[in-house]
Amino acid sequence: DEYNINNNELSEDEIEVVDNIVEYVYEERMCNRLEGYLLVQDDKASKYKVRWFSLQEQNLIYYKEIQRNTLGCENPPDFIVNLRNTSNIALKEANSKFFKIETNGLTINLQADNQEDAEIWVRYLNEARTYYNSKDEFILGSPLGCSADTQITGW
């Protein structure tokens, strides 16, 4: 409907094609990774530490240092948040560079460089969560692993 297509005038096959195009466009948008440094609050102390974050499909992954590969074997991630399991992703306060992710009884407190960056992270994380939660089945994208795993699994 947002593309000004009246579904009442289309056959079932044409509706399926339109739905697939819209889904493809959205998946292409979702496949654009959001990556960058954020500060994450240590769960044992109130100090924040710098980590490299990468939004990959329905996962927010963070590492101690910048990564250019997907879940590399040499540099395993510090933590992975499956956005499908989150209950809340929001700014901690209006007009703030601080935001939080609530998942499985755990609150992850994050800090961006500025309010605009925090709002971008919150928006993209919520969009990814909404998109992947709308899927009934598990969505397989590019496999997450390293070259040694590909030899075992055949990916």
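These questions and answers walk through a predicted model of one protein.

Q: What makes up the protein, element by element?
A: From the N terminus on, the order is α-β-β-β-β-β-β-β-α-α. That gives three helices and seven strands.

Q: How many residues does the protein have, and what share of them is buried?
A: The protein has 155 residues, and 32% of them are buried. The accessible surface comes to about 10100 Å². Carbon and sulfur atoms hold 46% of that surface.

Q: How do you know that distant parts of the chain meet?
A: Take the contacts with a separation of 6 or more. Residues 24 or more positions apart account for 40% of them.

Q: What makes a group of residues a nonpolar core?
A: The members must be buried residues of the nonpolar kinds listed for a core, such as Leu, Ile, Phe and Trp, joined through side-chain atoms within 4.5 Å. The largest such core here has 22 residues. Phe53, Leu60, Leu83, Phe99, Ile101, Trp121 and Leu125 touch the most other members. In soluble globular proteins, nonpolar side chains tend to be buried together.

Q: Which elements each supply at least two residues of this core?
A: They are β1 (34-41), β2 (48-56), β3 (59-63), β6 (98-103), β7 (106-111) and α2 (115-133). Helix α2 gives the most, with seven residues.

Q: Which residues is Trp121 in contact with, leaving aside its neighbours within four places in sequence?
A: The partners are Leu34, Glu35, Gly36, Leu38, Phe53, Leu60 and Phe99. Each has heavy atoms within 4.5 Å of Trp121, so each counts as a contact.

Q: Why is the pair of Tyr62 and Phe79 called tilted?
A: A pair of aromatic rings is described by the distance of the centres and the angle of the planes. Here the centres are 5.8 Å apart, and the cut-off for a pair is 6.5 Å, so the rings pair. The planes stand at 35°. Stacked needs under 30 degrees and edge-to-face needs over 60, so this pair is tilted.

Q: Where in the chain do these two rings sit?
A: Tyr62 is in strand β3, and Phe79 is in strand β4 (residues 79-82). They are 17 residues apart, and the pair links distant parts of the chain. A search of the whole structure finds six aromatic pairs. Phe53, Tyr62, Phe79 and Trp121 form one aromatic cluster.

Q: Why is Tyr62 called buried?
A: Its relative accessible area is 11%. Buried means under 20%, so Tyr62 qualifies.

Q: What makes Phe79 partly exposed?
A: Phe79 has 32% relative accessibility. That value lies between the cut-offs of 20% and 50%, so Phe79 counts as partly exposed.

Q: Which residues line the largest pocket?
A: The lining includes Val40, Gln41, Asp42, Asp43, Lys49, Tyr62 and Phe79. Leu106, Thr107, Ile108 and Asn109 are also among the lining residues. Strand β7 gives the largest share, four residues. The volume of this pocket is about 260 Å³.

Q: How do you know that Gln41 is partly exposed?
A: Gln41 is at 24% relative accessibility. Buried would need under 20% and exposed over 50%, so Gln41 is partly exposed. Gln41 lies in strand β1. Beyond its neighbours within four places in sequence, Gln41 is in contact with Ser46, Lys47, Tyr48 and Asn109.

Q: What makes Asp42 partly exposed?
A: Its relative accessible area is 22%, and the buried class stops at 20%, so Asp42 is partly exposed. Asp42 is found in the loop between β1 and β2. The C-alpha atoms of Asp42 and Asn109 are separated by 8.5 Å, with their places 67 residues apart along the chain.

Q: Why is Asn95 called exposed?
A: Exposed means over 50%, and Asn95 has a relative accessible area of 63%, so the word fits. Asn95 is in the loop between β5 (86-91) and β6. Its phi is near 55°, a positive value in a residue other than glycine.

Q: How do you know that Asn104 is exposed?
A: Asn104 is at 68% relative accessibility, over the 50% cut-off, so Asn104 counts as exposed. Asn104 sits in the loop between β6 and β7. Asn104 is not a glycine, yet has a positive phi of about 45°.

Methods. Residues are numbered from 1 along each chain as its sequence is written. This is a predicted model: local features need pLDDT of at least 70, side-chain atom pairs count only at pLDDT 80 or more; totals for chains, interfaces and linings use all residues. Side-chain values use heavy atoms; hydrogens and water are left out. Buried means under 20% relative accessible area, exposed over 50%, partly exposed in between (1.4 Å probe, protein chains only). Accessible areas come from the Shrake-Rupley method with a 1.4 Å probe; for residues, only the protein chains shown count as cover. On a 1 Å grid over the protein atoms alone, a cavity is a set of points where a 1.4 Å probe fits but cannot get out, and a pocket is an open set with protein on both sides within 12 Å along at least five of seven lines; lining residues have an atom within 4 Å of a point. Grid points are joined across faces, edges and corners, and a volume is the space filled by probe spheres set on the points.
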